[in-house]
Amino acid sequence: MNEMIRGARLSNIPWENKPAELSEVIWRYSKNPIIGWNPIPCGARAFNSAVIPYEGAFVGVFRIDHKNGRPQLHFGKSRDAVHWELNPEDIHWVDEKGKPAPTSYAYDPRLVKIEDAYYITWCDDFPGASIGMGMTKDFKTFTRLENPTMPFNRNGVLFPRKINGLYVMLSRPSDSGHTPFGDIILSHSPDLTFWGRHRHVMSKGSKNWWESTKIGAGPAPIETREGWLLFYHGVTTTCNGFVYSMGAALLDLNDPGKVLYRTTDYILTPEKEYETVGFVPNVTFPCATLFDAATGRIAIYYGAADTYTAIAFTQVDELIAFIKNNPQP
């Protein structure tokens, strides 16, 4: 029995054992990508999406870039979390009074269960890029809540439970361009409407070139015995554009604004053709995880080249040992 992860058993988590020849702490699913070009009639690409266990199977909220170029969120369901049935219509949002509340655009969702509800955060048009927030209890009615931040902001990620009686969210404030600020900030709320007690968490790396341009929180943090396990993306700027890689950190359980450990090296970077060639080359962008507390297995869902949906795997004990043994100074 693995006791590193504090959470539920998920015996049907998708999984492949690490190939014997690999030494890396993360390994890719051999049948990647799991979603390719033109997954629905109106959509060209499904990527940077969020999945979660639900009623013995799996559901997800998927970013799908429509063929008119605008991204929207679509509901999806799956028996095995690998083969997905995507709703051809985007999510029909309503406000808290039940009236239609459509989005101008929506992308890069995260999905987390807190108590008896499922919360979705995404990049919204406020106008101007900001964080949108909604909730559902049955994945049939989707209710938009108040925007937690003003423009400009991206990568809003909720923790899966209250900490010291407050909801907690990570985000990356930015300007109106392509996010030159680049640091992760933490905010607190008593009710998911009013947000304050903002704290700086992590800066883009000064010595680590793979995250020198900006960083952003990935999936909802996983509660472990050693701290909150946070997967995040780090970006560098090369002579041919951005490169998005994946890193990991451990945050203090009671004060998640405090970073305990953070990797010096990336744990996944674009190498495969489906990660290096696509609508936006050279992107591995984590947005969701599934994990089994009994075995310590973690499946990481990531967007590849802003085109595909892919999966990678890790074992929590091995990953945390790597984080602690490969820390930033």
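Colleague: Which residues line the largest cavity?

Modeller: The largest cavity is lined by Asn48, Ser49, Ala50, Val51, Phe62, Tyr301, Tyr302, Gly303 and Thr309. Please keep in mind that this is a predicted model, and that the cavity is one a program found in it, with a volume of about 40 Å³.

Colleague: How many cavities of 30 Å³ or more does the structure hold?

Modeller: The structure holds 1 cavity of that size or above.

Colleague: And which strands supply at least two residues of its lining?

Modeller: Strand S2, residues 43-54, and strand S21 each do so, and S2 gives the most, with 4 residues.

Colleague: What is the lining like, in terms of nonpolar, polar and charged residues?

Modeller: The lining divides into 5 nonpolar and 4 polar residues, with no charged ones.

Colleague: Let me follow S21 for a moment. Which strand is S21 joined to by 8 bridges?

Modeller: That is strand S20, and the two run antiparallel, with S21 covering residues 297-304. To give one pair, alanine 288 has tyrosine 301 as its bridge partner in S21, and Tyr301 is also one of the residues lining the largest cavity.

Colleague: What lies between S20 and S21?

Modeller: The two strands form a hairpin with 4 residues between them, and in that turn glycine 296 has a positive phi of about 80 degrees.

Colleague: Is S20 enclosed or open?

Modeller: S20 is largely enclosed by the rest of the structure, because 8 of its 9 residues are buried. Threonine 289, which lies in S20 (residues 284-292), counts as buried because its relative accessibility is 11%, and the cut-off for buried is under 20%.

Colleague: What is threonine 289 in contact with, leaving aside its neighbours within four places in sequence?

Modeller: Threonine 289 is then in contact with Val51, Pro219, Ile222, Phe231, Ile298, Ala299 and Ile300. Val51 in that list also belongs to the lining of the largest cavity.

Colleague: Changing topic, where is isoleucine 114?

Modeller: Isoleucine 114 is in strand S7, which spans residues 106-114. In sequence, isoleucine 114 and tyrosine 301 are 187 residues apart, while in space their C-alpha atoms are 20 Å apart.

Colleague: Is isoleucine 114 buried or exposed, and what is in contact with it beyond its neighbours within four places in sequence?

Modeller: Isoleucine 114 is buried, with a relative accessible area of 3%. Its contacts, with those neighbours left aside, are Tyr119, Leu158, Phe159, Pro160, Arg161 and Tyr167.

Colleague: What sheet does S7 sit in?

Modeller: S7 belongs to an open sheet of 5 strands in the order S6-S10-S9-S8-S7, and the pairing in this sheet is mixed. The edge strands are S6, residues 93-94, and S7, each of which pairs on one side only.

Colleague: How is S7 joined to S8?

Modeller: S7 and S8 (residues 117-125) run antiparallel and are joined by 7 bridges, and lysine 113 has tyrosine 118 as its bridge partner in S8.

Colleague: And how do S8 and S9 pair?

Modeller: S8 and S9 pair in the antiparallel sense over 8 bridges, with isoleucine 120 standing opposite glycine 134 in S9. Their hairpin has 3 residues between the strands, and glycine 128 there takes a positive phi near 95 degrees.

Colleague: Why is S9 largely enclosed by the rest of the structure?

Modeller: S9 (residues 129-136) is largely enclosed because 8 of its 8 residues are buried. S9 is also joined to strand S10, residues 142-144, by 2 bridges, and these two run antiparallel. Glycine 134 has arginine 144 as its bridge partner in S10. The hairpin of S9 and S10 has 5 residues between the strands, and phenylalanine 139 in the turn has a positive phi of about 55 degrees.

Colleague: One last topic: how many disulfides are there?

Modeller: The count comes to 0 disulfides. Cysteine 123 is in none, and the nearest cysteine sulfur, belonging to cysteine 287, is 11 Å away, whereas the cut-off for a disulfide is within 2.5 Å.

Colleague: Which is cysteine 123, buried or exposed, and what about cysteine 239?

Modeller: Cysteine 123 counts as buried, at 4% relative accessibility, whereas cysteine 239 is exposed, with a relative accessible area of 80%.

Technical notes:
Residues are numbered from 1 along each chain as its sequence is written. This is a predicted model: local features need pLDDT of at least 70, side-chain atom pairs count only at pLDDT 80 or more; totals for chains, interfaces and linings use all residues. Side-chain values use heavy atoms; hydrogens and water are left out. Buried means under 20% relative accessible area, exposed over 50%, partly exposed in between (1.4 Å probe, protein chains only). Contact means heavy atoms within 4.5 Å. Two strands pair if DSSP finds at least two bridges between them. On a 1 Å grid over the protein atoms alone, a cavity is a set of points where a 1.4 Å probe fits but cannot get out, and a pocket is an open set with protein on both sides within 12 Å along at least five of seven lines; lining residues have an atom within 4 Å of a point. Grid points are joined across faces, edges and corners, and a volume is the space filled by probe spheres set on the points. Ala, Val, Leu, Ile, Met, Phe, Trp, Tyr, Cys and Pro count as nonpolar, Asp, Glu, Lys and Arg as charged, and the others, Gly among them, as polar.
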